[in-house]
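Work through the exercises below with the sequence and the 3D structure at hand. Each task is followed by a solution in steps.

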Number of protein chains: 2
Amino acid sequence: MAIHKKSAFTQKEQELANFAKAMAHPARIAILKLLAQRNECICGEIVDLLPLAQSTVSQHLKELKNAGLVTGTIDGPRSCYCINWKAFSTFNNEFNFLFTNLKVKNEKACC
Amino acid sequence: MAIHKKSAFTQKEQELANFAKAMAHPARIAILKLLAQRNECICGEIVDLLPLAQSTVSQHLKELKNAGLVTGTIDGPRSCYCINWKAFSTFNNEFNFLFTNLKVKNEKACC
DNA sequence: ATCTTATATCGCAAATATACGATTAAAGGA
DNA sequence: TCCTTTAATCGTATATTTGCGATATAAGAT
């Protein structure tokens, strides 16, 4: 069952997994890319740039926001999203620490 | 529905998403960590180190293998897994290229 | 006050993922 | 040959994700 024994794992393991989960969909990667390629928030437009229904995009944005990767303010009929670089690089560092640093030491083909 | 309109996104977006998906579970993060912290493959033992049933661990390993993050050889009743550093750093570079490089240019708090 | 526009939320259907017990398979030892 | 050990696979229950249409909401325009 999906009893999700997440509590059996460490805080960091769960954090990294949640981060990965937030990125585990091409639509969300695309959204993050759009946000990253601009120097400012994107207010509107996002839906027009994706091949998905408005409600679907809104849901993806919500997930990115819940994961902390994106910040957003709702301003009446107009919303405004941008990447939360701080949280983003925190996770990136964690990721690199866990794997890339070790890579230097190991770099060895076994099986 | 989960009609997964993945085809509507670019190859790179899908690749990154698949990579993230493979890491999107604390158990798989834990497995990767175990594999990374050693200088060699882990043959056996993995199940003992995780709070999950043998069949569940086997399934997670299979997913990591499918995603290309882990290589493995089955040697009769004994299997042998280790991290595929090559694929791993390819993805890591892609990730960094997409986001971290941009970060330097942007670093700007908006909303 | 009503209409328009942009976006969030709800409700549902279908696909996927998670977990585990049971079973299978395959090699080595008795 | 039969038993043991180790790990993959199958079957199944349940949870979560994905996607969309319909609806709600909220601000601005008319």
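**Exercise 1.** Sort the lining of the largest cavity by class: how many residues are nonpolar, polar and charged?

*Solution.* Step 1: list the lining, which consists of A:Phe19, A:Ala20, A:Met23, A:Phe95, B:Leu16, B:Phe19, B:Ala20, B:Met23 and B:Phe95. A cavity is a set of points on a 1 Å grid over the protein atoms alone where a 1.4 Å probe fits but cannot get out, and lining residues have an atom within 4 Å of a point. Step 2: apply the classes, in which Ala, Val, Leu, Ile, Met, Phe, Trp, Tyr, Cys and Pro are nonpolar, Asp, Glu, Lys and Arg are charged, and the others, Gly among them, are polar. Step 3: the result is 9 nonpolar, no polar and no charged residues.

The model is predicted: local features need pLDDT of at least 70, side-chain atom pairs count only at pLDDT 80 or more, and totals for chains, interfaces and linings use all residues. Residues are numbered from 1 along each chain as its sequence is written, chains are lettered from A and ligands numbered from 1 in the order in which they are written, and side-chain values use heavy atoms, with hydrogens and water left out.

**Exercise 2.** Find which helices each supply at least two residues of this lining.

*Solution.* Step 1: take helices as DSSP runs (H or I, at least four residues), numbered from the N terminus. Step 2: α1 (11-23) of chain A and α1 (11-23) of chain B each meet the condition. Step 3: α1(B) gives the largest share, 4 residues.

**Exercise 3.** Decide whether A:Lys21 is buried, partly exposed or exposed.

*Solution.* Step 1: locate A:Lys21 in helix α1 of chain A. Step 2: use the cut-offs for relative accessible area, with buried under 20%, exposed over 50% and partly exposed in between (1.4 Å probe, protein chains only). Step 3: A:Lys21 is partly exposed because its relative accessibility is 39%.

**Exercise 4.** Which residues does A:Phe88 touch, not counting those up to four places away in sequence?

*Solution.* Step 1: count a contact when heavy atoms lie within 4.5 Å. Step 2: in chain A, the partners are A:Phe19, A:Met23, A:Leu32, A:Leu69 and A:Ile83. Step 3: add B:Phe95 and B:Phe99 from chain B.

**Exercise 5.** What share of the residues in chain A is buried?

*Solution.* Step 1: chain A has 111 residues. Step 2: buried residues make up 46% of them.

Terms used:
1 Å grid on protein atoms, 1.4 Å probe; cavity = no way out; pocket = protein on both sides within 12 Å on 5 of 7 lines; lining within 4 Å.
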